[in-house]
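Open the model in your viewer and set it to show both cartoon and side chains. The tour below goes from one selection to the next and says what is found at each stop.

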Amino acid sequence: MDSILVSGGGELNGQIPIAGAKNACLTLMPATLLSEEPLTLTNAPRLSDIKTMTELLQSLGAEVTSLQDGQVLAMSSHDINNHTADYDIVRKMRASILVLGPMLARDGHAVVSLPGGCAIGARPVDLHLKALEALGAELELKDGYVHAKAPGGLKGGTVDFPLVSVGATENVLMAATLAKGTTVINNAAREPEIVDLADCLRKMGAQIDGDGTSTITVQGVDRLHGATHPVVTDRIELGTYMLAPAICGGEVELLGGRLNLVGAFCEKLDAAGISVEETDRGLKVARRSGRISAVDVVTEPFPGFPTDLQAQMMALLCTADGTSVLEEKIFENRFMHAPELIRMGAQIDVHGGTATVTGVDRLKGAPVMATDLRASVSLILAGLAAEGETVVSRVYHLDRGYEHVVGKLSGVGAKIERIKGQ
Ligand code: EPZ
């Protein structure tokens with residue numbers, strides 16, 4: 001297994017291009033199942049999760065061709081000949097559940113493996129299933145698979161989510177585009193990835209209103225046509241790299257970054273003493289004063305502070321002036337990076353969903369282990385500011401959500417390299 005070696009110290013200066021969003025692309029790709037005409041995605045990120053979704057769609061009979069060094073995905077679902085999403089693929093990536101709604105809407109039947117457990121939390125899919133049942137789907141759980149059918153097709157209905165779920169909103173939104181009648185989704189997720197999905201579906205002929213708010217209305221249509229759609233900027237990759245100059249000092253411009261994607265996050269950076277300004281090419285981030293200030297953070301659904309930036313923010317707060325309290329409200333087990341940061345000399349107390357971080361003058365390099373996608377990059381950020389060398393192992397987690405990490409960070413002056421097969 002590869003690992004990444006980071007030699008800490010030194011400011012970062014220059015530009016980092018931000019890719020298309022993993023979490024948008026993973027819901028845009030299954031949308032191809034909703035039409036027999038081609039759907040082409042541009043600005044696609046080059047990640048192992050995108051390869052897994054490609055493998056899944058191809059296993060159903062879709063054609064997915066990667067062009068222009070992987071940044072364009074040309075897809076066609078003209079000949080879907082298999083309606084079972086196999087455990088062997090689904091276990092690699094929970095987002096595989098997002099083929100359920102589109103397949104059911106398209107052909108009235110689908111069999112999808114349940115995703116199973118996850119490092120950051122139980123992550124059930126009950127809300128996905130209840131939402132599809134509200135559109136008339138008949139579901140049966142058998143041998144670890146969801147067996148779904150909709151004889152006569154899905155029908156418009158009202159979905160009332162008891163809590164905000166990004167994936168469940170995406171699944172039922174896609175399904176509702178081909179359901180007979182009107183669907184109203186209450187307490188819907190408002191993430192930019194949902195708006196990007198709705199934009200793409202509208203280009204395919206869907207009738208959708210209210211995306212980006214808590215109430216989405218969908219008027220079902222008989223069929224959808226083909227389209228070409230650019231994947232929205234990855235706000236989590238953006239936020240991650242905004243923290244690089246914040247944690248090391250210096251000034252970095254994030255090409256393609258937009259303030260409205262990271263509003264709540266920028267408020268916390270501002271409170272910590274980090275300046276963020278918009279440029280005509282993106283966002284410029286610089287550290288104002290010598291030492292950053294402690295800030296408290298609570299993770300929430302968009303437009304609140306994203307849980308996917310919590311680990312990275314903790315890395316920053318390890319060397320803040322004072323004590324910060326981080327509350328993780330979305331996932332019940334998302335502090336596994338804390339013991340690794342403690343190995344680097346951080347002072348962190350975790351009790352349930354709350355972590356108290358008492359800033360230290362400087363972290364010290366150490367061998368550490370990645371436990372999930374966002375935890376892995378938080379250890380790299382910590383290593384950039386630490387004294388000495390940090391070796392992050394199990395970086396296969398990182399490849400799921402970050403393309404060219406070594407290239408992008410060394411491009412602004414970081415001392416970082418990938419160590420093959422250790
Ligand atoms: C999406 O996951 C993202 N993944 C996650 O990013 C992100 O952390 C999460 O949204 C929250 O923003 C993708 O888009 C592929 P949820 P998702 O359904 O859709 C509970 C990353 O690092 N819940 O909004 O799975 C659930 O357990 C990943 O890129 C149910 O109880 O998240 C959680 O506590 C990690 N029943 C909460 O809701 C359900 O049926 C929010 O989950 C569904 C969810």
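Start with the lining of the second largest pocket, whose residues divide into eight nonpolar, four polar and six charged. This is a predicted model, as is everything shown on this tour. To find the pocket, select A105, R106, L178, D222 and R223, which lie nearest its centre among the 18 lining residues. The space in this second largest pocket comes to about 290 Å³.

Next, select the ligand and the residues around it. Which residues are closest to the ligand? They are D126, L127, S165, D308 and I330, out of 22 that surround the ligand. Colour this shell by class and you will see eleven nonpolar, five polar and six charged residues.

Now show the polar contacts of the ligand one at a time:

- Side chain of S165: one of its N or O atoms is 2.6 Å from an oxygen atom of the ligand.
- Backbone of L127: an N or O atom here lies 2.7 Å from a ligand oxygen.
- Side chain of R123: an N or O atom is 2.9 Å from an oxygen atom of the ligand.

Taken on its own, the ligand has 830 Å² of accessible area, and the protein covers 85% of that.

Switch back to cartoon and pick out the helices α1 (22-28), α5 (126-133), α6 (166-176) and α12 (373-385). Each of these supplies at least two residues of the shell around the ligand. Which helix gives the most to that shell? It is α5, with three residues.

Then colour the chain by domain, with 3-18 + 233-419 as domain 1 and 25-230 as domain 2. Why does the ligand lie between the two domains? Both domain 1 and domain 2 give residues to the shell around the ligand, so the ligand lies between them.

The last stop is enclosed space. Rolling a probe the size of a water molecule over the atoms shows where empty space is left. How many cavities of 30 Å³ or more does the structure hold? There are three, and the largest cavity has about 50 Å³ of space.

To see the walls of this largest cavity, select R235, L261, V262, G263, A264, F265, F302, P303, G304, P306 and L309. Helix α9 (residues 263-272) provides the largest share of this lining, three residues. By class, the lining of the largest cavity has eight nonpolar residues, two polar and one charged.

Notes: Residues are numbered from 1 along each chain as its sequence is written. This is a predicted model: local features need pLDDT of at least 70, side-chain atom pairs count only at pLDDT 80 or more; totals for chains, interfaces and linings use all residues. Side-chain values use heavy atoms; hydrogens and water are left out. A residue is near a molecule or strand if one of its heavy atoms lies within 4 Å of it. A polar contact is a pair of N or O atoms within 3.5 Å; within protein, one must be able to donate a hydrogen and the other to accept it, and residues adjacent in sequence count only if both atoms are side-chain atoms. Accessible areas come from the Shrake-Rupley method with a 1.4 Å probe; for residues, only the protein chains shown count as cover. Helices (H or I, at least four residues) and strands (E, at least two) are DSSP runs, numbered from the N terminus. Ala, Val, Leu, Ile, Met, Phe, Trp, Tyr, Cys and Pro count as nonpolar, Asp, Glu, Lys and Arg as charged, and the others, Gly among them, as polar. Domain bounds come from an automatic or database domain assignment. On a 1 Å grid over the protein atoms alone, a cavity is a set of points where a 1.4 Å probe fits but cannot get out, and a pocket is an open set with protein on both sides within 12 Å along at least five of seven lines; lining residues have an atom within 4 Å of a point. Grid points are joined across faces, edges and corners, and a volume is the space filled by probe spheres set on the points.
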